[in-house]
Amino acid sequence: MKTVNYAITDPVGLHARPAGIFVKKAAAYKSTITIKNAETGKTADAKRIMGVMSLGVKQGNRIELSIEGEDEAVAAQELEVFLKENL
C-alpha cells in the first residue's frame, strides 16, 4: 500500500472542477484509492465525485490518499504530481 499526504493550497479548497478532474484521474487506475480529510477524519472513495465533495476539503486541510493494488506505485506518483500542479 502507498500513501500520499498533501496540504491543499488552492484558496477555495477541493472544489467541484478540480475534484471532478481528480476523480476522473483516480478512476483510470486499477488500484483501490481512498481519500481522507485529515482535519475531520472523513474518508471517501477517490473514484466517486459525491464522496470526494462530501469531505469538505478547504485550503490548508491535509489530505491523505491510500492506494492499494497492482498499479499503486504509478498511481501514487501521478496523483501526487496532479495534486501539486492543481491544488
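This report describes the nonpolar core of a predicted model and the helix H3 that contributes to it. Local features need pLDDT of at least 70 and side-chain atom pairs count only at pLDDT 80 or more, while totals for chains, interfaces and linings use all residues. Residues are numbered from 1 along each chain as its sequence is written, and side-chain values use heavy atoms, without hydrogens and water.

The largest nonpolar core (buried Ala, Val, Leu, Ile, Met, Phe, Trp, Tyr and Cys residues joined through side-chain atoms within 4.5 Å) has 25 residues. Buried means under 20% relative accessible area and exposed over 50%, with partly exposed in between (1.4 Å probe, protein chains only). Phe22, Ile35, Leu65, Ile67 and Leu83 have the most contacts inside the core. The elements below each supply at least two of its residues; helices (H or I, at least four residues) and strands (E, at least two) are DSSP runs, numbered from the N terminus.

| Element | Residues |
|---|---|
| Strand S1 | 2-7 |
| Helix H1 | 16-27 |
| Strand S2 | 32-37 |
| Strand S4 | 62-68 |
| Helix H3 | 72-86 |

H3 gives the most to this core, with 5 residues. The buried residues of H3 are Glu72, Ala75, Ala76, Leu79, Phe82 and Leu83. They lie on the same side of H3, because they cover an arc of only 130° around the axis, taken from the directions from the helix axis to the C-beta atoms. These buried residues pack against S1, H1, S2 and S4. The face turned away from them carries the exposed residues Gln77, Lys84 and Glu85.

Alanine 76 is in H3 and counts as buried at 8% relative accessibility. Beyond its neighbours within four places in sequence, alanine 76 is in contact (heavy atoms within 4.5 Å) with Lys2, Val4 and Ile67.
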